[in-house]
Amino acid sequence: MELEHNKYLIAAAVCCVLAALAHVGCILFGADWYRFFGAGEAMAQMAEKKLWYPTVVTAGITAVLLIWAAYALAGAGVLAGLPLTRIALVLISAVFLLRGLAFAWLMPRFPENSLTFWWVSSLICLTIGTLFAIGTVQRWQVLSSSA
């Protein structure tokens, strides 16, 4: 393992963990948090009614973000290699960048989400995707396609 860790992938991991914590906050603190983060009135109302859907969806997003943080740390050289790290980092970069760029296409499909939600979340996704992409490119030779 190299002595110097990749700062871009570490920053991407930190962003993923912070996003995961925000999602956990929505689960723990309910409708007001869903509203604050712009998830839409439908999600907030379901949370108020204690329906399972917001919790399951939000927990799933949280789990994915934490797994992606682990891959970022593995790619950065902080954690031991995870399976298919290089491929995973490319796919994670692509998902974040596509999500950030596709907001105009996604907005009509989720009309309950606020415009602020779309702008802020898209900018966050573009930032995280860029961190993943730069870090992946910088570590490309170190990363094995099978580790």
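**Exercise 1. The lining of the largest pocket**

Determine how the lining of the largest pocket in this predicted model divides into nonpolar, polar and charged residues, and establish which helix gives the most to that lining.

*Solution.* Begin with the classes: the lining of the largest pocket has 28 nonpolar residues, together with seven polar and three charged ones. These belong to a total of 38 lining residues, and those that lie nearest the centre of the pocket are His-23, Ile-61, Arg-99, Phe-117 and Ser-121. Next, assign the lining to secondary structure: at least two residues each are supplied by α1 (7-29), α2 (31-36), α3 (41-48), α4 (52-76), α5 (85-101) and α7 (115-139). Of the contributors, α7 gives the most, with eight residues. Finally, the space enclosed by this lining comes to about 1200 Å³.

**Exercise 2. A nonpolar patch on the surface**

Identify the residues that form the nonpolar patch on the surface, and locate Phe-37 relative to the helices.

*Solution.* The patch is formed by Val-24, Leu-28, Phe-29, Trp-33, Phe-36 and Phe-37, which together have about 640 Å² of accessible area. Sorting these members by helix shows that α1 and α2 each supply at least two residues, and that α1 gives the most, with three. Phe-37, by contrast, is found in the loop between α2 and α3. The relative accessible area of Phe-37 is 34%, so this residue is classed as partly exposed; membership of a patch requires over 30%.

**Exercise 3. The salt bridges around Arg-35**

Work out which residues are linked in a network of salt bridges, and explain how the pair Arg-35 and Glu-48 relates to sequence and helices.

*Solution.* The structure holds three salt bridges, which can be taken in turn.

1. Asp-32 pairs with Arg-35, the closest N and O atoms being 3.8 Å apart, a distance that satisfies the cut-off of within 4 Å. Because the two residues are three apart in helix α2, about one helical turn separates them. Asp-32 is exposed, at 57% relative accessible area, whereas Arg-35 is partly exposed, at 30%.
2. Arg-35 also meets Glu-41 in a salt bridge, at 2.8 Å from N to O, and Glu-41 is partly exposed, with a relative accessible area of 35%.
3. A further salt bridge joins the side chains of Arg-35 and Glu-48, at 3.1 Å from N to O. Since Arg-35 lies in helix α2 and Glu-48 in helix α3, this pair ties together parts that are 13 residues apart in sequence. Glu-48 is partly exposed, with a relative accessible area of 48%.

Taken together, the pairs link Asp-32, Arg-35, Glu-41 and Glu-48 in a network of salt bridges.

Conventions:
Residues numbered from 1 in each chain as written. Predicted model: local features only at pLDDT ≥ 70, side-chain atom pairs only at ≥ 80, totals over all residues. Heavy atoms only, no water. 1 Å grid on protein atoms, 1.4 Å probe; cavity = no way out; pocket = protein on both sides within 12 Å on 5 of 7 lines; lining within 4 Å. Points joined across faces, edges and corners; volume = space filled by probe spheres on them. Helix = DSSP H or I, 4+ residues; strand = E, 2+ residues; numbered from the N terminus. Nonpolar A, V, L, I, M, F, W, Y, C, P; charged D, E, K, R; others polar. Patch = residues over 30% accessible without salt bridge, like charges linked within 9 Å, V, L, I, M, F, W, Y side chains within 5 Å. Areas by Shrake-Rupley, 256 points an atom, 1.4 Å probe, with all protein chains shown as cover. Buried < 20%, exposed > 50% of the residue type's maximum accessible area, 1.4 Å probe, protein only.
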